[in-house]
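Student: Could you take me on a close look at one part of this protein, the loop where a glutamate sits, and set it in the context of the whole model?

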Amino acid sequence: MKYKTKSVLIARKKESGDDFSRRPCFISLFDENNPHLNTQGPKEVVEFEKIHKVVIKGLNIDYLLPGNDIVINNLTEIEIEVNNDHVYVTGKQE
């Protein structure tokens, strides 16, 4: 699915159940850069259950150590696809 957005924040949720290799996660979409500094919150949140990994291709990213979150700024669009237990993220940056 394609989304028009300026930035995203990718994060995991606390584990659910006893499958430690798969976790719920979410991708929050924002209309401005540096979403971790945004006081308004996301315009949309895309959630996933039991994901093994998120694969990000061809984008410049920032990894925020305090929260274990990934931020992708300067986007014009992002595409999110799920295949089995993997989430694939691609997009276009300015």
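Tutor: **A close look at Glu32**

The protein exposes about 5900 Å², of which carbon and sulfur atoms supply 47%; such areas come from the Shrake-Rupley method with a 1.4 Å probe, and for residues only the protein chains shown count as cover. Before we zoom in, please keep in mind that this is a predicted model, in which local features need pLDDT of at least 70, side-chain atom pairs count only at pLDDT 80 or more, and totals for chains, interfaces and linings use all residues. Residues are numbered from 1 along each chain as its sequence is written, and side-chain values use heavy atoms, with hydrogens and water left out.

The mean pLDDT (the predictor's confidence in each residue, from 0 to 100) is 92, and 99% of the residues score at least 70.

Now to the fold. The protein has zero helices and nine strands, where helices are DSSP runs of H or I with at least four residues and strands are runs of E with at least two, numbered from the N terminus. Your loop is the one between β3 (23–30) and β4 (44–51), and Glu32 is found there. Glu32 has a relative accessible area of 39%, so it counts as partly exposed; buried means under 20%, exposed over 50%, and partly exposed in between, using a 1.4 Å probe and protein chains only. Beyond its neighbours within four places in sequence, Glu32 is in contact with Lys6, Ser7 and Asn38, contact meaning heavy atoms within 4.5 Å. From Glu32 to Pro42 there are 10 residues in sequence and 9.5 Å in space, C-alpha to C-alpha.

Following the chain onward brings us to Lys50, which lies in strand β4. Lys50 is not a glycine, yet its phi is positive, at about 50°. With a relative accessible area of 52%, Lys50 is exposed. Asn68 is another residue other than glycine with a positive phi, near 60°; it is found in the loop between β6 and β7 (69–72), and its 36% relative accessibility makes it partly exposed.

Stepping back to the whole, 35% of the 94 residues count as buried. Among contacts with a separation of 6 or more, 55% come from residues 24 or more positions apart. The C-alpha atoms fill a box of roughly 40 × 25 × 20 Å along the principal axes.
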